[in-house]
There are 2 protein chains.
Amino acid sequence: MNKSTATLKSISATLGISISTVSRVLNDRAKKYRISDATVAKIKKEADRVSFAPNQIASALRSQKTKTIALVIPDISNSYFSSMAKGLGIEARKAGYSLLLFDSLGQEKLEIEAVRLMRSRKVDGFIIAPASTNGQHIIDLKESGTPVVFIDRYIKSMAIASVCSDNVEAAYQATSYLITSGHQHIACIQGLNYLSSSADRTLGYKKALAKYHLAENKSYFLGDDFSHQSGYAATKILLENCPQVTAILSLSHLNAMGAMQAIKEAGKHIPEDISLITFDDDPLFAYLSTPLTSVDQPNEAIGIETMQLLIAQINGESNSTEQKLLKTQLILRDSVKVFNKDSEA
Amino acid sequence: MNKSTATLKSISATLGISISTVSRVLNDRAKKYRISDATVAKIKKEADRVSFAPNQIASALRSQKTKTIALVIPDISNSYFSSMAKGLGIEARKAGYSLLLFDSLGQEKLEIEAVRLMRSRKVDGFIIAPASTNGQHIIDLKESGTPVVFIDRYIKSMAIASVCSDNVEAAYQATSYLITSGHQHIACIQGLNYLSSSADRTLGYKKALAKYHLAENKSYFLGDDFSHQSGYAATKILLENCPQVTAILSLSHLNAMGAMQAIKEAGKHIPEDISLITFDDDPLFAYLSTPLTSVDQPNEAIGIETMQLLIAQINGESNSTEQKLLKTQLILRDSVKVFNKDSEA
DNA sequence: CTGAAAGCGCTAACAC
DNA sequence: GTGTTAGCGCTTTCAG
């Protein structure tokens with residue numbers, strides 16, 4: 001079995017050449033050490049013959065570099081995060097890094113475990129979509145000198161770089177569009193509002209209201225989770241208690257699905273009875289019974305930028321604490337009713 | 001900075017206790033070596049104080065076990081694979097393994113690179129959704145003694161365990177449903193047909209035809225990729241050339257989306273003009289303009305089973321070459337037109 | 001141009 | 001009960 005246990009030592013032995021020389025050649029440092037062409041050729045040939053693959057574990061132990069990055073996210077099965085993972089993976093590979101994936105299930109407890117474990121594994125850096133907002137484990141991690149960058153969410157109180165969608169602006173745009181379409185009573189179905197992603201979207205919503213001199217209404221804020229279930233429950237309550245509401249801004253695709261279910265069950269229709277815009281575009285939205293207007297976020301690009309930032313930090317080329325915001329796009333479909341200019345008092 | 005450089009050695013030094021004793025205590029082998037309670041307490045306290053975290057790299061080098069598993073899949077951003085990754089991750093964590101993620105983009109060339117890289121990283125086992133069917137790199141890998149299990153797809157010529165949906169049965173069921181609903185001219189939009197997943201689905205389709213004494217028609221087989229684009233192109237051709245076709249079996253959700261687009265553009269409607277069933281359920285299917293009947297595959301469960309199988313192999317508790325098939329579910333919605341019993345000659 | 005040797009942090013066989 | 005020692009496979013001074 002185990003054919004491939006070729007090591008520097010074994011090659012060195014069969015060739016009668018020292019380990020260091022073999023190492024140098026196989027690490028492309030032959031020129032630098034002016035090793036003779038003959039020796040180089042011999043070593044390369046033998047390495048090839050036994051299909052030598054350097055033991056990265058040994059290398060990592062010695063060099064204190066694992067070329068590995070920890071990715072800690074709350075739900076890899078959510079297309080929202082998996083598309084970020086895609087960008088992250090592509091960029092990591094280009095730079096010779098591998099990704100250690102850890103799904104925190106959105107639980108701080110598991111996130112703590114992840115950080116502990118990955119630190120033990122001596123990863124060169126962390127990319128985290130934090131599950132909570134008061135993570136001492138992240139502060140400790142950062143203080144230990146390990147590069148960290150947040151993805152999708154940031155924690156205000158921490159001086160840690162992040163890259164996210166421009167959520168404030170995105171929600172501002174979406175809400176403004178609703179308002180200029182003639183809606184005056186707009187509900188906001190929120191996600192986990194202690195997370196910056198949800199909070200910033202709520203902020204953008206409020207900004208738009210203010211801009212157009214519309215009053216905030218406490219009972220128009222509903223929901224406390226990005227889930228289908230939460231969106232469903234929120235919308236049910238909304239439809240019962242606030243008949244004057246003509247539009248909903250949903251802060252996640254899962255929330256929107258719940259909303260659609262509740263609207264359907266109430267025998268109402270989008271957009272005739274109620275308009276809907278949601279965050280997190282999905283190509284399928286174009287084929288819904290009412291094609292859904294949505295905020296498309298550049299998740300793969302977020303992944304790419306995040307990885308570049310982290311790698312720059314690992315290389316000591318940057319230690320910025322910058323919060324990078326990427327532009328989103330409002331994709332207009334048919335789920336928003338447009339009132340005549342003169343339709344409302 | 002780097003506070004956490006506590007090692008066995010450093011603890012041993014500050015306590016004046018030998019490294020091995022420290023190691024034994026910190027690996028919960030105190031009892032076994034009958035180390036005095038006092039010593040145990042002292043060591044644990046100090047380890048805690050300096051928040052000792054064992055260097056897994058050193059441990060791996062020494063023990064030849066990395067507690068790491070390579071996951072090589074063609075597209076992590078595809079919900080189909082990311083939901084498998086979810087199950088894989090959950091099960092891996094339970095068993096103390098971490099996942100090294102590599103996205104092959106469906107390219108054999110990158111898959112080869114992945115295998116090389118992960119072997120260098122000395123992972124304890126591989127989970128692969130192979131991109132092609134003649135992978136010498138996989139044969140070499142297996143022969144080197146590294147546990148491997150295929151996920152979602154298998155390669156017939158290789159004696160390697162696999163866990164997949166029961167694609168033959170799933171397609172057989174779906175096609176049978178179409179036939180018993182009165183359809184006689186059913187097209188099959190295929191994915192990458194050299195992969196077992198697509199090929200087996202095609203097989204199930206054919207089995208159903210045979211069962212009901214319907215002839216196969218070469219021009220009813222279209223498509224050669226799991227993509228939106230391929231589904232779109234295939235359906236366009238179909239609608240032009242085969243007006244007698246009343247139903248389509250689509251072998252992936254992306255294909256189905258392409259089909260929907262083509263059908264829409266042709267001014268036709270589902271299911272009045274053409275019926276559609278697709279593989280890969282999506283919760284959004286319930287909210288489409290025509291709720292889409294689909295084959296739901298237990299992807300997360302596939303992930304879980306795959307990981308269990310691999311870990312059993314790593315532990316030497318199994319070296320089966322079993323092909324595990326998991327049951328799928330046909331989810332009936334409204335995209336299939338049901339003809340009257342007497343509607344066709 | 002090439003080699004010897006130390007050591008990364010840990011485990012485990014072998015002492016006593 | 002506890003300590004000593006020899007590596008795992010590699011990188012990297014330091015010698016020559």
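Two chains are in contact wherever their heavy atoms come within 4.5 Å of each other. With that idea in hand, let's tour this predicted model one close-up at a time.

**Figure 1. Chain A and chain B meet in a contact built from both partners.** Chain B brings 55 residues to the contact, and chain A brings 56 residues. Three residues of chain B are worth finding here: Ile57(B), Arg121(B) and Tyr287(B) supply 16% of the area that chain B buries against chain A, more than any other three residues. Between them, the two chains bury about 5000 Å². Carbon and sulfur atoms account for 61% of that buried area.

**Figure 2. Chain B can be laid on chain A.** What turn does this take? A turn of 180°, with a shift of 0.0 Å along the axis, does the job, and the RMSD is 0.1 Å. The two copies are therefore related as by a two-fold rotation axis. Now look back at the contact: 100% of the interface residues of chain B are also interface residues in chain A, so the copies meet through the same surface.

**Figure 3. Chain A is divided into three domains, according to its domain assignment.** Domain 1 covers 3-54, and domain 3 covers 167-296. Domain 2 is written in two pieces, 65-165 and 299-328. How many Å separate the centres of domain 1 and domain 3 of chain A? Taken over C-alpha atoms, the answer is 63 Å.

**Figure 4. DNA strand C is surrounded by 28 residues.** The closest of them are Arg24(A), Arg34(A) and Ile35(A), together with Leu8(B) and Arg62(B). Of the atoms of DNA strand C that come within 4 Å of the protein, 61% belong to sugar and phosphate. Sorted by class, the surface near DNA strand C has 12 polar, 9 nonpolar and 7 charged residues.

**Figure 5. Helices of both chains help to form the surface near DNA strand C.** In chain A, look for helix H2 (19-26) and helix H4 (56-63); in chain B, look for helix H1 (8-15), helix H2 (19-26) and helix H4 (56-63). Each of these helices supplies at least two residues. Which helix gives the most? That is H2(B), with 4 residues.

**Figure 6. Three residues show polar atoms close to different parts of DNA strand C.** For Ser23(B), an N or O atom in the side chain is 3.2 Å from a phosphate oxygen. For Arg34(A), a polar backbone atom lies 3.2 Å from a sugar or linking oxygen. For Arg62(A), an N or O atom in the side chain is 3.3 Å from a base nitrogen.

Terms used:
Residues are numbered from 1 along each chain as its sequence is written. Chains are lettered from A and ligands numbered from 1 in the order in which they are written. This is a predicted model: local features need pLDDT of at least 70, side-chain atom pairs count only at pLDDT 80 or more; totals for chains, interfaces and linings use all residues. Side-chain values use heavy atoms; hydrogens and water are left out. A residue is near a molecule or strand if one of its heavy atoms lies within 4 Å of it. A polar contact is a pair of N or O atoms within 3.5 Å; within protein, one must be able to donate a hydrogen and the other to accept it, and residues adjacent in sequence count only if both atoms are side-chain atoms. Ala, Val, Leu, Ile, Met, Phe, Trp, Tyr, Cys and Pro count as nonpolar, Asp, Glu, Lys and Arg as charged, and the others, Gly among them, as polar. Copies are superposed by least squares on the C-alpha atoms of residues with pLDDT of at least 70 in both. Domain bounds come from an automatic or database domain assignment. Buried area is the accessible area (1.4 Å probe) that two parts lose on being put together, summed over both.
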